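Thanks for asking me to look this one over. Here are my notes, set out as numbered points you can read alongside the model.

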Amino acid sequence: MRTRVTDMFGIEFPIFAFSHCRDVVAAVSRAGGMGVLGALYFTPEELETELKWIDEHVGGMPYGVDVVMPASYEGADLGVDSPEDLLGRLQGMIPAGHRAFVDDLLEKHGVPALSGDDAGRALLGWTDATARPQVEVALRHPIALLANALGPPPADVVEQAHAKGVKVAALASTPRHAIKQVEVGVDVVVAQGTEAGGHTGEISTMVLIPQVVDAVDVPVLAAGGIGDGRQMAAGMALGAEGVWTGSIWLTVEEADTPEMARQRILAATSRDTVRSRSWTGKPARLLKNEWTDAWEATDSPGTLPMPLQFMLVSDALRRIGRSDAAELATFPAGQIIGTMNQVKSARQVVFEMVEGYVEAMDRLGRITED
């Protein structure tokens with residue numbers, strides 16, 4: 001397979017795998033695709049450890065890092081550069097009624113409290129001030145790609161990456177977003193349809209990809225509901241030059257997904273996800289359950305804007321993850337989970353995707369010949 005992105009990164013297959021698990025990232029890159037580590041949940045010190053491990057286990061193959069530097073968020077106009085000062089200012093903006101709602105919800109389901117060491121990781125990389133240290137760490141390593149998950153990255157960050165020989169990608173849910181990203185120098189646009197897990201827009205993948213391909217002159221990756229070779233072939237037929245995948249790596253052998261969550265994903269259908277603001281304050285596709293339902297109920301105080309919502313619920317989600325309250329355990333997941341019913345190795349997923357792509361193209365070729 002050869003497209004502009006395979007030439008750009010020197011990879012065998014134009015399959016990009018987003019994961020918060022370093023083992024998955026390294027396994028996909030070794031299999032001929034490109035693993036991309038989600039940096040969001042790591043402190044700069046933890047990210048340094050994760051990337052050092054990948055450097056030692058990726059076999060010299062290229063990999064990327066994904067950060068979250070939203071173009072707009074609550075507190076962006078406070079003029080606070082220190083992450084610690086910003087955290088303090090933002091904590092004071094969370095209403096007491098919202099905190100009480102979360103506490104009552106957890107008490108209702110018998111969710112135990114966290115220990116002091118587990119609590120308090122409320123902000124992480126949801127702002128410019130907290131994401132820049134992650135970028136600095138990433139650019140100290142031999143990464144091939146720096147991706148931004150929410151809107152166009154700051155122009156100076158793009159320049160820093162390019163100065164290191166690192167390509168930059170950004171996710172877009174509309175053609176207008178894609179154009180803005182190219183204007184700041186992004187090398188690759190990820191056109192992500194509403195079927196995707198995590199932050200996503202309202203336009204379906206089938207409709208979005210050709211619109212973005214027509215709007216920009218850089219390579220486009222298809223994202224949103226892509227988990228096998230037939231869907232990969234469809235994305236390429238629409239003009240994409242590769243695929244960006246995420247949810248399909250949650251259940252692979254190498255993933256560090258908690259077993260409770262893994263089993264829920266394996267049992268889920270494509271109707272078991274919902275776009276909800278209950279995770280970060282921006283619309284994100286999550287596994288639907290009593291947590292997402294509670295935020296839509298009549299007694300809900302409503303969600304807060306980013307990053308206040310995640311700051312409000314971060315400890316709660318950690319408490320849920322360490323408890324038996326499976327009915328509250330939610331996390332980003334795309335509609336492709338309806339076809340994820342087996343645990344496979346990351347390498348097997350890559351190869352099956354390529355084989356499915358070849359079979360789909362052969363089938364289309366026979367139709368054309370007939």
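The points below go from the domains and their interface to a few individual residues.

1. A word on the source before anything else: this is a predicted model. Please read every distance and area below as a value computed from that prediction.

2. The chain is divided into two domains, and neither is a single run of sequence: domain 1 takes in 4-73 + 126-256 + 340-368, while domain 2 takes in 83-123 + 260-332. Their C-alpha centres are 26 Å apart.

3. How many residues does each domain bring to the contact between them? Domain 1 contributes 29 and domain 2 contributes 18. Together they bury about 2100 Å², with carbon and sulfur atoms giving 62% of that area. On the domain 1 side, Tyr41, Trp126 and His199 are the three to look at, since no other three residues supply more: they account for 27% of the area that domain 1 buries against domain 2.

4. What kinds of polar pairing cross this interface? There are zero salt bridges between the two domains, but nine residue pairs are in polar contact across the interface, with both partners at pLDDT 80 or more. The elements of domain 1 that give two or more residues to this side are helix H6 (128-138) and strand E7 (198-199). By class, the domain 1 side has 13 nonpolar residues, 13 polar ones and three charged ones.

5. Salt bridges do turn up in the model as a whole, where the count is nine. One of them joins the side chains of Arg4 and Glu241, at 2.6 Å from N to O. Arg4 sits in helix H1 (residues 4-9) and Glu241 in the loop between helix H10 (229-237) and E9, so this pair ties together parts that are 237 residues apart in sequence.

6. The aromatic pairs number six. Have a look at Phe16 and Trp244, which are stacked, with 6.4 Å from centre to centre and 15° between the planes. Because Phe16 belongs to strand E1 (residues 15-19) and Trp244 to strand E9 (residues 243-245), the pair ties together parts that are 228 residues apart in sequence.

7. One backbone detail deserves a mention. Most residues other than glycine have a negative phi, and most peptide bonds are trans. Here, Met306 and Pro307 are joined by a cis peptide bond, with omega at about 0°. Where does Pro307 lie? Pro307 is in the loop between helix H12 (290-296) and helix H13 (308-321).

Notes. Residues are numbered from 1 along each chain as its sequence is written. This is a predicted model: local features need pLDDT of at least 70, side-chain atom pairs count only at pLDDT 80 or more; totals for chains, interfaces and linings use all residues. Side-chain values use heavy atoms; hydrogens and water are left out. Domain bounds come from an automatic or database domain assignment. Contact means heavy atoms within 4.5 Å. Buried area is the accessible area (1.4 Å probe) that two parts lose on being put together, summed over both. A salt bridge is a side-chain nitrogen of Lys or Arg within 4 Å of a carboxyl oxygen of Asp or Glu. A polar contact is a pair of N or O atoms within 3.5 Å; within protein, one must be able to donate a hydrogen and the other to accept it, and residues adjacent in sequence count only if both atoms are side-chain atoms. Helices (H or I, at least four residues) and strands (E, at least two) are DSSP runs, numbered from the N terminus. Ala, Val, Leu, Ile, Met, Phe, Trp, Tyr, Cys and Pro count as nonpolar, Asp, Glu, Lys and Arg as charged, and the others, Gly among them, as polar. Rings of Phe, Tyr and Trp (its six-membered ring) pair if their centres lie within 6.5 Å; planes under 30 degrees apart count as stacked, over 60 as edge-to-face and the rest as tilted.
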